[in-house]
Each structure stands twice: as structure tokens, then as C-alpha cells.
Amino acid sequence: MSTVTPELEELRRRAAALVHDVPDYPEPGVVFKDITPLLADGPTFRAVVDHIAGGAHGPVDLVVGMEARGFILGAPVATTLSAGFIPARKAGKLPRETVAGAYDLEYGSAVLEVHADTVWPGARILVVDDVLATGGTAAATIELLEQAGAEVVGVSFLMELTYLEGRSRLAGRPFDALLSY
């Protein structure tokens with residue numbers, strides 16, 4: 001976790017005020033964290049991107065963003081770090097040879113894929129997503145990247161749902177989440 005400074009506390013306050021809870025979406029009992037108000041606030045969005053990029057541990061070759069909101073955060077983080085960006089897509093969305101990782105969701109299961117030729121052995125990768133919940137998506141993404149020979153040098157999230165204990169599935173990797181719920 002980042003060192004807590006007054007600037008970091010102010011960013012957390014601003015970001016949290018722009019994340020809206022939507023009860024019973026996408027199904028009853030689930031509280032969806034809507035980040036579109038945060039994305040619409042240019043200065044806060046920029047500060048979040050800078051925070052995530054600033055937490056990178058050493059040089060980063062590639063940033064991997066998980067479908068779909070991880071794309072929105074990961075691409076500008078990659079640009080900030082002068083790194084490449086790879087989208088981790090749902091199964092069947094990529095047109096060429098892929099490597100895949102399966103995972104369980106709070107309300108189902110899914111498969112993520114990346115193009116096999118975009119990850120190389122020894123590539124230093126920062127994995128970025130909006131929410132860490134149970135950790136299944138992040139763990140599957142890390143596994144598929146490591147199967148391709150890459151080194152995952154960190155995982156970063158806009159927010160962590162701590163009560164779901166997803167961090168325990170990330171095997172002690174460098175970790176950051178701006179917000180905790």
C-alpha cells in the first residue's frame with residue numbers, strides 16, 4: 001500500500017465521493033460500484049491514473065487491463081509509464097491465437113484471454129483493474145501471463161472490497177488499491 005500523505009488522503013476523499021453505489025445490480029444482493037462519475041471528473045481521473053502509475057515497482061514493459069473497466073484505467077496508466085497496453089478480454093473476443101485463464105465470479109464463471117504473441121518471456125507486467133473482489137479475475141490473469149513467461153511485478157486496483165478477501169489469492173505480489181470498502 002502507498003505511504004499515506006495528505007495528498008493521498010485528499011485523492012482518496014475525492015475519488016470515494018465520485019464512486020456511486022448501485023444496489024441490486026447486476027442482480028439482487030450485489031452492490032455495483034459505478035465509477036463513471038469519477039471518469040467524468042478529469043482532474044480526479046488524471047490523479048488516479050498518476051497514483052496507479054506512481055505505484056509501479058521498477059520498470060514496466062506492459063500494463064494489462066482486465067475487461068472491461070480495467071481497459072479504461074490500464075490504457076492511460078500504460079501511456080503514463082511509456083509501456084505497452086494489453087487488454088485481457090473475455091473468451092472469444094480476440095481474433096488470433098490466445099492464452100487463457102478461467103476463473104469464478106461472485107455470480108458465475110468466465111475465461112479471460114490475451115493474444116499469445118503480445119506477451120513475451122521476461123516481460124515486466126503491471127496488472128490493473130477497477131475492483132478487487134474475490135480475486136478470481138486477477139489470479140486467473142496473473143496465471144495466464146506467467147504461463148506465457150512474463151513476470152507480474154505488481155497489481156493495482158482503484159478499489160478493494162476487503163470483506164471478500166481477494167488479496168489472499170494474489171500470492172504476496174506488490175499490491176495497491178486506492179480505496180477500500
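Is Phe32 buried, partly exposed or exposed? In this predicted model, Phe32 has a relative accessibility of 26%, so the residue counts as partly exposed. That puts Phe32 past the 20% under which a residue would be called buried, but not over the 50% needed for exposed. Its ring partner is worth a look too, but the overall fold comes before that.

The chain is a mix of helices and strands, with five of the former and nine of the latter. Read from the N terminus, the order of elements is α-β-β-α-α-β-α-β-β-β-β-α-β-β. The radius of gyration works out at 16 Å, close to the 16 Å that the globule rule gives for 181 residues, so the chain is as compact as a globular protein of that length. Along the principal axes, the C-alpha atoms take up a box of roughly 40 × 40 × 30 Å.

How do contacts and surface look for this chain? Of its 181 residues, 46% come out as buried. If one takes the contacts between residues at least 6 apart in sequence, 59% of them bring together residues at least 24 apart. The area left exposed is about 8500 Å², and 54% of that comes from carbon and sulfur atoms. As for charge, there are 14 positive and 24 negative charges, and the mean positions of the two sets lie 3 Å apart.

Back to the rings: the chain has three aromatic pairs. One of them joins Tyr25 and Phe32, with ring centres 5.3 Å apart and planes at 80 degrees, so this pair is edge-to-face; the angle cut-off for that label is over 60 degrees. Tyr25 sits at 46% relative accessibility and therefore counts as partly exposed, and Phe32, at 26%, gets the label partly exposed as well.

Another pair is made by Phe157 and Phe175, and here the geometry is tilted, with 5.8 Å from centre to centre and 40 degrees between the planes. This pair links distant parts of the chain: Phe157 belongs to strand 8 (residues 151-160) and Phe175 to strand 9 (residues 175-180), with the two positions 18 residues apart in the count along the chain. Where Tyr25 is partly exposed, Phe157 is buried, with a relative accessible area of 1%. Phe175, at 9% relative accessibility, counts as buried too. Put briefly, the tilted pair has buried rings in Phe157 and Phe175, whereas the edge-to-face pair is built from the partly exposed Tyr25 and Phe32.

Definitions and conventions:
Residues are numbered from 1 along each chain as its sequence is written. This is a predicted model: local features need pLDDT of at least 70, side-chain atom pairs count only at pLDDT 80 or more; totals for chains, interfaces and linings use all residues. Side-chain values use heavy atoms; hydrogens and water are left out. Helices (H or I, at least four residues) and strands (E, at least two) are DSSP runs, numbered from the N terminus. The radius of gyration is taken over C-alpha atoms; the globule rule is 2.2 Å times the number of residues to the power 0.38. Buried means under 20% relative accessible area, exposed over 50%, partly exposed in between (1.4 Å probe, protein chains only). Contact means heavy atoms within 4.5 Å. Accessible areas come from the Shrake-Rupley method with a 1.4 Å probe; for residues, only the protein chains shown count as cover. Lys and Arg count as positive and Asp and Glu as negative; His and the chain ends are not counted. The place of a charge is taken as NZ of Lys, CZ of Arg, CG of Asp or CD of Glu. Rings of Phe, Tyr and Trp (its six-membered ring) pair if their centres lie within 6.5 Å; planes under 30 degrees apart count as stacked, over 60 as edge-to-face and the rest as tilted.
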